[in-house]
Structure formats: structure tokens, C-alpha cells
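Subject: Structure for you to look at

Hello,

Here is the structure I said I would pass on. Please open it alongside this message; my notes follow below.

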Amino acid sequence: MSPKTPKESRTVMTDMVLPGETNPINNLFGGELLARMDRAAGIAARRHSRRIVVTASVNHVAFNRAIPLGSVVTVEAKVSRAFKTSMEVFMDIWIEDRESGLKTKANEAIYTFVAVDETGRPTAVPELIPETDLERERFEAALRRKQLSLLLAKKIKPEDATELKALFE
Ligand SMILES: CC(C)(COP(=O)(O)OP(=O)(O)OC[C@H]1O[C@@H](n2cnc3c(N)ncnc32)[C@H](O)[C@@H]1OP(=O)(O)O)[C@@H](O)C(=O)NCCC(=O)NCCS
């Protein structure tokens, strides 16, 4: 399997916020954004692996800014690191100003997907080679996030979370 770059998995989904997708104060309902991000990230993971992919974990979501009714929202997803069978997908969420067309960052999120075969068994994915400074930064931090996620899921022991331990040394 030849290595791939983040731009090969880049997935951009743009959609409006409609009345049925808001909370009582007329901002986008969090669960709706989670679903949009899951779809965009799943497509990015599929583009990287060319396999069936399943969501293994939602590692991080920051709802930093409310997204009002009628906003045009863009979810941009790219694979930030590939491990053996799993892939971390990093997402930037943008809102577009109606008059100027300028995009401002609203939120960020990180999901993990696993490539599986037809029986649901994890299967190997291509390596990811980051190209830009931001991609390299996200790539470097991804192992720490994987270990934290596995630790919280009780799938590794604290002593095996070497990247996390290194933070406190
Ligand atoms: C995700 C899934 C395939 C992992 O299966 P598993 O038996 O834990 O398989 P493994 O232990 O071999 O793990 C496979 C990979 O997933 C990673 N992984 C598993 N759980 C993880 C978690 N909570 N966080 C981050 N990575 C995780 C492992 O580290 C491993 O990565 P690697 O091969 O790149 O090192 C399995 O749990 C599953 O099918 N879950 C349901 C997925 C689904 O239906 N999602 C939609 C939810 S509605």
C-alpha cells in the first residue's frame, strides 16, 4: 500500500442550518453538527483507506461558537494520522458571512475511524505522510490522543500510555 497525504482524503461538506436543526435559542443543535462531522470524517477515512470504515471514537469536540439559524456551515475533514487499522480525522468547522463571504472558524473536532473488511474485522490502512506545518503538528499529537482514548476505554494500561506520561516528565 503506497503512503498518502492528508490532501488526498480532504472532504468538504457545506450546508445551511434549517429550522428543524436548531435548539430553543435558534442555534444549531449539537447532535446535528456531530452527525454532519461523522459523515464528513467517515468519507475522509474512506478516501484514505478505500475500505469500509466505522467510527471507533469521538476524541474531541469543542463547541466554541454557537452557529445561528440560516448560517452556511462548512465541515472540512482530513485524515491527520494513520496507524495500523485506525485513522485519526481532524475537522475544522467554518461559518460563512452572508455579505462578505468570509469564513470564520467556529469549531474543531477529532474522530477516530477503523477500516474493516466485510465481516467487520479491522484491516490495514496506508501510511499517512503530513506535508504542511499544521499537518505535521496534528500528526505528532495524534499518538497522544490515541493513547488517551484507549486509556479512557480501558483498552490499554496507564503504564503503556507512554506519550501521556512523557507530558508530565
Ligand atoms: C472499532 C472496532 C472495529 C474496533 O474493534 P476492536 O476489536 O477493538 O479491534 P482492535 O482492538 O484490533 O482495534 C482496532 C483499531 O482500533 C483502535 N481503537 C479501538 N478502540 C479505540 C478507541 N476507543 N479509541 C481509539 N482507537 C481505538 C485500536 O487502537 C486499533 O488501532 P490500530 O490497529 O491502528 O493500532 C469495533 O469496536 C467496532 O466495530 N465498534 C463499533 C463501530 C461502530 O459501529 N461505530 C458506529 C457507532 S454507532
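I start with one side-chain pair: Ser80 and Glu88 are joined through their side chains by a polar contact of 2.6 Å. Please keep in mind throughout that this is a predicted model.

Ser80 belongs to strand 3. Its relative accessibility is 5%, and because anything under 20% is classed as buried, Ser80 counts as buried. Apart from neighbours within four places in sequence, Ser80 is in contact with Glu88, Val89 and Phe90, and also with Leu128, Arg138 and Phe139. The strand around Ser80 is mostly covered as well: of the 11 residues in strand 3, nine are buried.

The sheet

Strand 3 is part of an open sheet of five strands, arranged in the order 1-3-4-5-2 with antiparallel pairing. Strand 1 (11–16) and strand 2 (52–62) are at the edges; each has a single partner strand, so one side of each is left without a neighbour in the sheet. On average, neighbouring strands of this sheet are turned by 25° against each other, direction ignored.

Helix 1 (residues 30–49) packs on the sheet and touches strand 1, strand 2, strand 3, strand 4 and strand 5. The direction of helix 1 makes about 40° with that of strand 3.

Two pairings involve strand 3. On one side, strand 1 is joined to strand 3 by six bridges, and the two run antiparallel. In that pairing, Thr11 stands opposite Ala77 of strand 3. Strand 3 (residues 72–82) also pairs with strand 4 (residues 86–96), again in the antiparallel sense, over 10 bridges. One example is Val73, whose bridge partner in strand 4 is Ile95. Strand 3 and strand 4 form a hairpin, with three residues between them.

Ala106

Ile95 comes up again among the contacts of Ala106, a residue of strand 5 (residues 103–116). Not counting residues up to four places away in sequence, Ala106 touches Asn64, Arg65 and Ile67, together with Ile93, Trp94 and Ile95. Is Ala106 buried or exposed? Its relative accessibility is 2%, and it counts as buried because the limit is under 20%. Ala62 lies 44 residues from Ala106 along the chain, and the C-alpha atoms of the two are separated by 9.0 Å.

The ligand

Which residues are closest to the ligand? They are Lys84, Thr85, Ser86, Lys146 and Ser149, out of 16 residues that surround it. Strand 2, strand 5 and helix 2 (133–152) each supply at least two residues of this shell. The largest share comes from strand 2, with four residues.

These are three of the distances between polar atoms of the protein and the ligand:

- Thr55: a backbone N or O atom lies 2.9 Å from a nitrogen atom of the ligand.
- Lys84: a polar backbone atom is 2.9 Å from an oxygen atom of the ligand.
- Lys146: an N or O atom in the side chain is 2.8 Å from an oxygen atom of the ligand.

On its own the ligand has 940 Å² of accessible area, and the protein covers 55% of that.

Loops

Pro122 sits in the loop between strand 5 and helix 2. Leaving out residues up to four places away in sequence, Pro122 touches Thr85, Val114, Ala115 and Val116. Of these, Thr85 was listed above with the residues closest to the ligand. Ser86, also in that list, is 36 residues from Pro122 in sequence and 8.2 Å from it in space, C-alpha to C-alpha.

Two loop residues have a positive phi although they are not glycine. Asn26, in the loop between strand 1 and helix 1, has phi near 65°. Arg50, in the loop between helix 1 and strand 2, has phi near 55°. As for cover, Asn26 has a relative accessible area of 44% and is partly exposed, while Arg50, with 61%, is exposed. The labels differ because exposed means over 50%, a limit that Arg50 passes and Asn26 does not.

Regards

Note on methods
Residues numbered from 1 in each chain as written. Predicted model: local features only at pLDDT ≥ 70, side-chain atom pairs only at ≥ 80, totals over all residues. Heavy atoms only, no water. Buried < 20%, exposed > 50% of the residue type's maximum accessible area, 1.4 Å probe, protein only. Contact = heavy atoms within 4.5 Å. Pairing = 2+ DSSP bridges. Axes fitted to C-alpha atoms, helices over the stretch in contact; angles between N-to-C directions. Near = heavy atom within 4 Å. Polar contact = N/O pair within 3.5 Å; in protein donor to acceptor, adjacent residues only side chain to side chain. Areas by Shrake-Rupley, 256 points an atom, 1.4 Å probe, with all protein chains shown as cover.
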